[in-house]
Structures are given as C-alpha cells and as structure tokens.
Amino acid sequence: MTNIAYVRSDFSEARAAPRSTTGVGAWLHKNLFATSTDAVLTLLGALFLLWVLPPLVNFLFIHAVGINGTVEECRLETSGACWAYVWSEMEFFIYGFYDIPEVWRPNIVFALGALLLVPLLIPRVPFKRANALLLLIAFPVISYYLLAGGAFGLKPMPTEKWGGLLVTLIISAVGIIVSFPLGIILALGRQSKMPVIKVLCIAFIELIRAVPLITILFMASIMLPLFMPQGTTVDKLLRALVGVTLFSAAYVAEIVRGGLQAIPRGQYEAAASLGLSYWKQMYFIILPQALKHVIPGIVNNAIALFKDTSLVYIVGMKDLLEAVKTKNDTALEWQSANTPTTGYIFAAMVFWSFCFSMSRYSMYMERRLNTGYKR
Amino acid sequence: MTIRELGRDTAPRMSFFNDPVIRGIIYQVVVAALLLAFVYWVIGNTAANLAAQKKTNGFDFLWKTAGFDISFALMPWSRASYYWEALVVGITNTLLVAFIGVVFATMLGFTIGIARLSSNFIIARLAAVYIETIRNIPLLLQLFFWYFAVLKTMPSVRQSIALPFDAFINQRGIMVPRPTPDQEFAWVMVALVGALIVAVAIGGWAARVRTRTGRYPSQIVWPSKVADAVVTFLVAFLALALLLGLVFPIASFVVVSAVIAAAVALGSLTRYAAIAKGAVTFFVSFVLFNALLGFMFGWVPSLVVSLVSALTALVVAQVVYANTANRPPSDARFPLALLVLIIVGVPALVYWATDASLAFEVPVLERFNFKGGLQLPPEFIALAFGLTIYTASFIAETVRAGILAVNRGQTEAAQSLGLKDGDRLRLVIVPQAMRVIVPPLTSQYLNLTKNSSLGAAIGYPELFNVFGGTSISQSGRAIECMAIIMVVYLTFSLITSAIMNWYNGRVRLVER
Amino acid sequence: MSQVSETTVEREIDTSHMQVSETEVAIDVVNMHKWYGDFHVLRDINLRVMTGERIVIAGPSGSGKSTLIRCINRLEEHQEGQIIVNGTELTADLKRIDEVRREVGMVFQHFNLFPHLTILQNLTLAPIWVRGIPKAEAEATAMHYLERVKIPEQANKYPGQLSGGQQQRVAIARSLCMQPKIMLFDEPTSALDPEMVKEVLEVMISLAEDGMTMICVTHEMGFARQVANRVIFMDQGQIIEENEPEAFFSNPQHERTKLFLSQILH
C-alpha cells in the first residue's frame, strides 16, 4: 500500500466567492433564470406585470384627479381615480354625521388612544401596567364622555350621529378588548371539571362559531328588543357591540384553549402543589404562560374582527364602509364613472393599512417570543 | 404555664363550603338556576312583546304561501310557493355558490400557494402581493367593489359587450349560450361515461402491472405509442390550422397543416421525438400566446404581438425540447395519451355514428332584454367571484404552511435515493403536506359557506337573505326563521367537523 | 464543541473482503471550492477515494465535513473544481445527477425516513419507482436487508413506532436496497441515545466487512480505529491532515490536528 499520509502545509485563506455566484448577475440567474422553466415563468410574470401595472398606475396616479380637482375633471372620459371626491367627503368618512364644530372631541379621542396604545406596543417602553390600566379603564370613560357629551358642559351627541371610521374603530376596539376576558373565562369553563359549566361553555362556543356573524348581529340588533321587557330601548350601537363581542369571545376562547393545552401537565400540578386556589393558579401560573403562546392567534383574531366590523352595515349601522357606500350612491354632485371605484379603493386602503400593520406587528411579536423560547 | 394541646382526637371538621365536591355542586346549581331564570325572563318578555304586537308564533307558517319573488332559484319558484320551498331555495342557492366558490378557490389557492414558494423571484413576489392585499381587505368591501363598482357599471343591456363564443356581459349579468342536446346526444353521454370507466380501468390496471412486474403491460405499449402519435397529430394540426388560418392566412392552410402535423407525429415515433415535441409545443404556445397577448395588449400592433409570441413560444419549446432530450420518453411512461384518446375519441365516434347534434341556444338581444341562453345574474357572479378571490388567499397560506411543514430532510432523502422530482412530489412530499393542509382547508370551506351569507348585502338570494330577510318581514316569525337558519348552519358545521375527524383519524401518522 | 464518543463494538473485524482497489477510482474531488453566499465553506478540496476504501472524516463542527459529503451526491452545489463519481462528473445536468444518486447511498443524522409509509414501503419505494424493479422482487430484497440490519419483524410498522437506533438501521437498509456502489454517512449516530449507537455501528462495520466503499462523517473514533483505512481531518473548510488511523491518532502532524485530538481524547 502506498503511503497515504498527507499534511497540509499552507493554510488556504478564505477568498471572495467568484463573480458567477455573487453580484447582480448571479442574483438574476439564481432568482429569475435558474432553469429554463424559471426563465419561462419570469417571462410570463414580466408580461403580466406589463399588462397590469401601467393601467393601474395610470388610474391611481397619472390620470387621477388630485385632491384639488373638480367633478368636471372627474367626469372626463380619460380621467382615472377621483381623489377630489374622497378629499371633499373626508369628514363624513371619518366622523359620519357628527356635528362639524364638535369634531375636536373624536380627534382628542383618536390622539389619546394613539398616545396610550403606541407605548404599550413597543416592548422597550416601561410602565406597561400603568399604561395598560390607563388605556383599558380611564381611556374608555373619558372617551365615552367626550364622544357622547351631555356632561361637563359638552353638547349631547347621540350615537345615531356617530359614523364612519369612528364607529369602525369603536366597534373593533371594544370587541377586541371586551371579548378577551370573556374568551378566557369561556376557555377556562370549557376545561372545567364541572359538567354543567363545561357543557354550557361548549354549547355557547360551538353555536357561535357555527353560524355566520351576520346572524349574530341580526339577533343582537333586530331581535334583542323582543327579548327585553316592553318599553326598554337599547342603544343601537350598544346592540352591535354586544353582538360583535359575543361573537369574538367564542373565537378567543378557542385560541386560548389552544394555549392552555400547550402547557405541560406538570405546570398545573406544580401550581396545585403550591396550595394556590384555582383562580390564583390560573392568574399567577397558567394564564401568563398560555397567553404568551396565543398572542399571534389573538392578533389574527383581532384582524379578522376588524374586517368583520364592516358587516354591521347589514344591520343598519353607519361604519366606514357604509359611509363610503352612502356617498357613492347619493353624492350626486360627485357622480362620475369612477366615483364609486375611487370610494371603495379609499375604504380598502384604510382597512388594509390597519390590518396589514396588525399582521406585521403580530409577526414581529412572534419572532420576539420565539427567540425568548429558544434560550 | 399550661401545655396547649396540639393534637386532636378527631379529624378536623371541614367547613361544609370547603369540600371541593360540594362547592362544585353549589356552583353548578347556582349557574343553572341563573340561566334558567334568565331564559324564563327572556321567554316571558318575548311572549309579552309578541302579544303586544299581536303576532302569533309556531312553525305552521312553513306550509303557507310565501307570496314574494326570488330573483334566482334552481327550482321552479313563484309567488304561490310555500315558505318551506323558500327555505329549500335559500339552502340550494347557498350550496350552489359555496360549491362554485370552493372549486375555484381551491384551484386558485393551490396555484398561488405553490407560486408563493417558487424559487422564481417574480412569481413568488406576485403571489405574496396577492395574498397580502386580498386577505387584509374586508370581504364585504370586496363584494361591494365587484358588484357596485365593476358589474353594475357595465353597459346597459342595449350596449352589451360581446365576449367570445356568443356570450354577452351587461348590467344584468352574463348571458351565455345554453346547450340544447337532442335525443341522440344521450348516447354520446353514455359513451362518455363508458369511455371514462374503461380509461380509468385501463389506467389502474397498467399502474398495477407496473408495480407488480416493473414494466407497463406489453399489450398497451404499442397502442399507447400510436395514441401518442395520433394525439400529437391532432394537437399539432389544430394549432397549425389556427396559426395558418388566422395569424398568417395562407391558402389551402388545412392541407399544409395536415402535412406538417403528420410529419411531426411520425417524427415523434422516431429518435427525433424531442424535436417533434418541441415543434408541437412551439405551435401550441404560439397560438396561445398570440391570443393571450393580443387580448392583453390590444393597443400593440398585431405584427409586434405575433413577433413577441413567436419568441416566447420559441423559449417554451426550447425548454420542452431540452427536458425531453434529457429524459427521453421510454416504455416506462404512464399511457396518458391512450387514455385521453379513449375518453375523447369514443364519444366523438358515437356522436358521428348516431348523427347526434348538440345545438346551443344563443342569447339574442331583443328590444329590451336578452332572450334565450343561460343568464347568470350579477349578484351571483359578484358573490362567487368575491368568495373565490378572498378564500383563495387564505387557502394559499394554508397550502404554503402545509408544504413548509414537510421537513427539508424528506426532500433530501428522496433525492439521495434517486427519485425524480415528479415522483418525489407525488410519493413523498404531497402525501405528507396534505395531512397538514386538509384540516385547515376544510375549515376554510366552512368559512366560505358561512361567508356566502354576505350575499344578502348585494341581493343574492341565499339562505340568510331569503329566510332571514324576506321571510321574516313577510311572515313576522323572526324567532322561528332565525332558529331554522342557525340550525342549518349548525348542520353544515357538524357535517364538516365529522368529515374532518374521520379524515384526521384515517391519516394520522402512527407514533409510539 | 462537537460531541465525541468512544463506543467500541467488541469483536474481531473480518478483513478478508476489505480490499482497497489500486486502480479503480470511486470518487475524485479535484480543487473543489464551495461558497454559501460570500462564506467560503469548502476551500481547495482534493480527495481521491478508491473503490473499497473506508474513510472517516473528523473535525470540529462547522468545518465543512457534512457539506463535503453532501456535495458528493449533489445535495449541495459546488462552484469551482470537479467532482467525479464513478466516472460521471457532477454538473448542473439533471441526467448526470440522477445517475450519480442512483449509485450513491446516503444516511442522514436524523434518519429522514418517510413517516407516512411503512418500513417495507420505505424500503421498496425507490427500487420500484427509480429502478423499475417488480414489487415482489423489491419486497424480497427489502426483507433481505431488513434481516441484515436485524429488524425483519418491524417490516409493517411505521417509522414513528421504532426507536432511534432501529430507525437509523432502517435508513441504512433503505439505502442498501438501491444496491449502491458507495455509501455516505452524515453523522449517523449523533442523534442517537448512547445505548443505540452500538447497534448502528455494528451494521456499519458489517457493511465495511463486505467491502463497501464508505465515507463517514462521524465522531465515533472507536469506529475510525476499527474500520477506517484512512482518517481525514478537516478544519475551516479544508483538509488539514489525512493518514492511516493508527498513525493519525498516535502521531498527528499538524498543530490543529493535535489540538483537536487533545480536546477529544483524554
């Protein structure tokens, strides 16, 4: 046998990858033309973009009538989107029939809400507990009195006058926040060892999840008065809030249940062995862990709920979508071929920005929590 | 100093309320009592309210005449029909739109979900943009957009836009020809069914023989080669005839096409098969691209369109040629062409032999409206379209997650065993991905069915619209109608979860 | 730091079939370089493996050992130089890749059995669909190899029902069913509990006794001493030293090799 011993004498230093594997050319080759099938797909994709993009850009920007335009320009055959219409109806889209001199009140509510929410969402900012208490307890009370008025010398403003984005935000915020504790209670009830409570919770959760939201909203807004003692009137907005909240609670309950099931048995046993009462076990040991697991699910539910608030239109509430549709149908002074399209695109952009930011935030939190988990 | 007695003779008396069992029973009794009291209170209030409004209750109204119109029904409907018939119309309309939505959303969703994972940058980005745009906009808003901003702004009936194949689109929806087969055509359908059964049987047999003996049965190797050639000839002939007849009109194009197609088909039997396949691909994709690009870029001169199409088709043909040359077709190939030929050829033969005819009743514009043909109302189109587009974005995410859930090691193991890409996907990746995909996919189907209730907002007569809207306002039996609607949806939901549980039980991976 | 164990299988090795061919080259890697993006993972690799050789590749984690053998059946692509397996040079050409993969078996750290198929189906999948072998014949071959790895009774179970060691033995049998000329082992025992390492090593030794050409990335130094005819030490993406096992362990030449061995052997 020949001598196979070998010892490296020179240490080969790392060198840069050859041009063929880095740089623009390599990127193009790898991502667009790696195989001949890829090349065909790239070609088709490029043709599709060439087909879709120019008309879209023309419609939205180049041929669009800007916010200072007139309806005559919008009515021209060659015109694109009619942003002037959206701009001139903006107040209605945001506040509905809220008295214009009083819109500073919703504005303060918006500002205050943002001011309290943003620091809560940024993990680095301290005072989370105080912040959350302010947002969840003080803020709703202040907002209610600011919006509804009738006290502190503010002009009363019945909820029938509220509308547009304001109502969309109120319904989704209340739905998301109130359904959270409700959902936790339902989830715990579903895990309970007491048969009556367990069965009730399961029946409630499964019934609500089986039927479409509009049947729930319909029950809450059209049929609730039937169930009440004669002569009682319940505010229309409140009815919708009840419907949306109950609906969302059932979904939150299922998400939380997933989190509860993900907790190892040992945690329950450890908590019980410390001699804590049931509620203390849940509050101090189980829920903090379970809720951490389910944050992404909760945010996804919040996104779905935010989109679903648009369904209150069907039971006659005046949310953002209703405001846009009303103006599309009735604003004769802005009537043109592209007016409805522009209105819906505007509404879509508003809904989209809220939902998209929520989903990005959820992904960010998921990554943060995951890294925490690995260590 | 006295010594305190620490021990006790008897066990400590437990407070009655601290016994967990008794405490549990007390809790439950309290909850049940509260619930009963609440229900009693609600029933009392409702009865009082109904009495005050002089309304009756009960389900007897189901057998009364409804007396309202329903714009779209799969069964005969008139004002004289009963309420229970309205319920059936509502359910069938819901199921119809849900079925169409499920079929198309599945196709679109799988395509987009796979595209999202493509290594091709443009394709992956396009799919991502689709998903992120569509699923972050409320479905109701999308329905309004399709219905009010797109379909309702179509031209009036008199200015209908003519589509290919005698279809028309206008404010009142889409009008398509209605097939009116004659009596003999029944034989064609029978032949089609028979051919399908035979083809499936042959396919199954061939596959079984292939696994048992390692090669396809010798009896079908030759027929399938001939079938290959025949299909090649037909496809090439059709494409060439279109190409020479429409794009580059030349005289006697039929003869020329037939000759070239025959040459290509014969070539496909020899060792020049790759070239023949490339040629056929070139003809077909040329025709397709020419039509597609002509439609997409109508403002571009047709010569330029033809030139670009030719170039694109050339690239595609080159791909196919290279792939075929790389992996020449052998006897070890599933006899797909033979089966296709059986399925298409036998009914065609019967059609010709029995002298059957399949006429189409074309929609014709009369003074105010279209007469004849099949009329699809815009509410239906908007709802089916909206549900498809919306649900597809969720299905795409489901599919993507399912494929990503299959461990990368599975691909590597399959590759290192020498499995080709198609076999690898079919035998290893897809069966595993489907286990992850199917449960959430089923709940997307259920969501789609529930979401079809939004059709009420654009006037499509689905269950909620017919039985929650019109029937309640006509009969006044709100509680009964809502109860029935909820029971129907609950049934859909229970059926879905039953199917899901069955599937999960069947495909669950066996673990220790 | 990589985990090193010294599990030894106590038995005499039957060397009668362990012959290294003088002329027949199984694998030839010439001046090969590989980058992950801008990271130079494999630098100037030159390796000639003769038919019948049993090679153990050792080195700290991240030294490129796994990447090197994954290049040999083109699970990874190299950017410079040549890799020739059984006379077929690996290029982007799919036909050649298929050809090489048919002749080269690979065993992974995490087994990568197909969880949705039974053990028998795992073993017959590739013979049926790649080689076109009749099912009955493929099953007979599969049972033969299952007997060889000593678990014929598990044929109709699913991978999830087996222990790690059994799964890895099935994975080896699955590769053998394709009757490969070369076997690659990518840390086959690293994911196993210590008591299961032995049963897998046992199978690998018996393969070596049959004269299989093998390249093993492993931390099992006992196996290297017993079976390998050559040990290769890699660090920072290059081959630092190679020698017969005896000389390699008793008299390492390079500083890095000495350091590595002093860390793992006490």
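**View 1. B:Phe168 faces B:Met175 across a pair of strands in chain B.** Welcome to this predicted model; our tour opens on a small piece of chain B. Find B:Phe168 and look straight across to strand 3 of chain B, where B:Met175 stands opposite. B:Phe168 belongs to strand 2, which covers residues 167-170 of chain B and is joined by three bridges to strand 3, residues 173-176. These two strands of chain B run antiparallel. Follow the chain from strand 2 to strand 3 of chain B and you trace a hairpin, with two residues between the strands.

**View 2. Strand 3 of chain B also pairs with strand 8 of chain B.** Here, too, the pairing is antiparallel, and three bridges hold the place of contact between strand 3 and strand 8 of chain B on our map. To find one of the partners, start at B:Ile174 and cross to B:Leu376, its bridge partner in strand 8 of chain B.

**View 3. Four strands of chain B make an open sheet.** Step back from the hairpin and read the strands of chain B in their order in the sheet: 1-2-3-8. The pairing in this sheet is antiparallel. Which strands sit at the edges of the sheet in chain B? They are strand 1 (161-163) and strand 8 (374-376) of chain B, each of which pairs on one side only. From one strand to the next, the twist averages 20°. While you look at the strands, keep a general rule in mind: side chains in a regular strand alternate between the two faces of the sheet.

**View 4. Chain B meets chain A.** In this view, 60 residues of chain B are in contact with 62 residues of chain A. Together the two chains, B and A, bury an area of about 5,400 Å² between them, and carbon and sulfur atoms give 77% of that area. Which three residues of chain B supply more of the area that chain B buries against chain A than any other three? Look for B:Gln28, B:Asn136 and B:Met486, which supply 11% of it.

**View 5. A:Pro106 is a buried residue in a helix of chain A.** The helix to look for is helix 6 of chain A, made of residues 104-121. Is A:Pro106 buried or exposed? A:Pro106 is buried, and its relative accessible area is 0%. Setting aside neighbours within four places in sequence, A:Pro106 is in contact with A:Tyr95, A:Tyr98, A:Leu147 and A:Leu166. For a sense of distance, try A:Met349 as a second landmark: A:Pro106 and A:Met349 are 243 residues apart in sequence and 21 Å apart in space, C-alpha to C-alpha.

**View 6. Chain C as a whole has nine helices and 10 strands.** The radius of gyration of chain C is 18 Å, close to the 18 Å that the globule rule gives for 266 residues, so chain C is as compact as a globular protein of that length. Along the principal axes, the C-alpha atoms of chain C fill a box of roughly 55 × 45 × 35 Å. Of the 266 residues in chain C, 61% are buried. Among the contacts in chain C with a separation of 6 or more, 69% come from residues 24 or more positions apart. The accessible surface of chain C comes to about 10,100 Å², and 46% of it belongs to carbon and sulfur atoms.

**View 7. Chain C has an open sheet of four strands.** Its order in chain C is 2-1-4-5, and the pairing is antiparallel. At the edges are strand 2 (39-50) and strand 5 (88-89) of chain C, each pairing on one side only. Helix 1 (residues 65-72) of chain C lies across strand 1, strand 2 and strand 4 (80-85) of chain C, and runs at about 120° to strand 1 of chain C.

**View 8. Strand 1 of chain C pairs with strand 2 and with strand 4.** Strand 1 (residues 25-36) and strand 2 of chain C are antiparallel and pair over eight bridges. Where do you find the bridge partner of C:Val25? Look in strand 2 of chain C, at C:Met50. Further along, C:Lys34 stands opposite C:Leu42 in strand 2 of chain C. The two strands form a hairpin with two residues between them, and in the turn C:Gly37 has a positive phi of about 60°. Strand 1 and strand 4 of chain C pair in the antiparallel sense over five bridges, and C:Val30 stands opposite C:Gln82 in strand 4 of chain C.

Conventions
Residues are numbered from 1 along each chain as its sequence is written. Chains are lettered from A and ligands numbered from 1 in the order in which they are written. This is a predicted model: local features need pLDDT of at least 70, side-chain atom pairs count only at pLDDT 80 or more; totals for chains, interfaces and linings use all residues. Side-chain values use heavy atoms; hydrogens and water are left out. Two strands pair if DSSP finds at least two bridges between them. Axes are lines fitted to C-alpha atoms, for helices over the stretch in contact, and angles run from 0 to 180 degrees between N-to-C directions. The radius of gyration is taken over C-alpha atoms; the globule rule is 2.2 Å times the number of residues to the power 0.38. Buried means under 20% relative accessible area, exposed over 50%, partly exposed in between (1.4 Å probe, protein chains only). Contact means heavy atoms within 4.5 Å. Accessible areas come from the Shrake-Rupley method with a 1.4 Å probe; for residues, only the protein chains shown count as cover. Buried area is the accessible area (1.4 Å probe) that two parts lose on being put together, summed over both.
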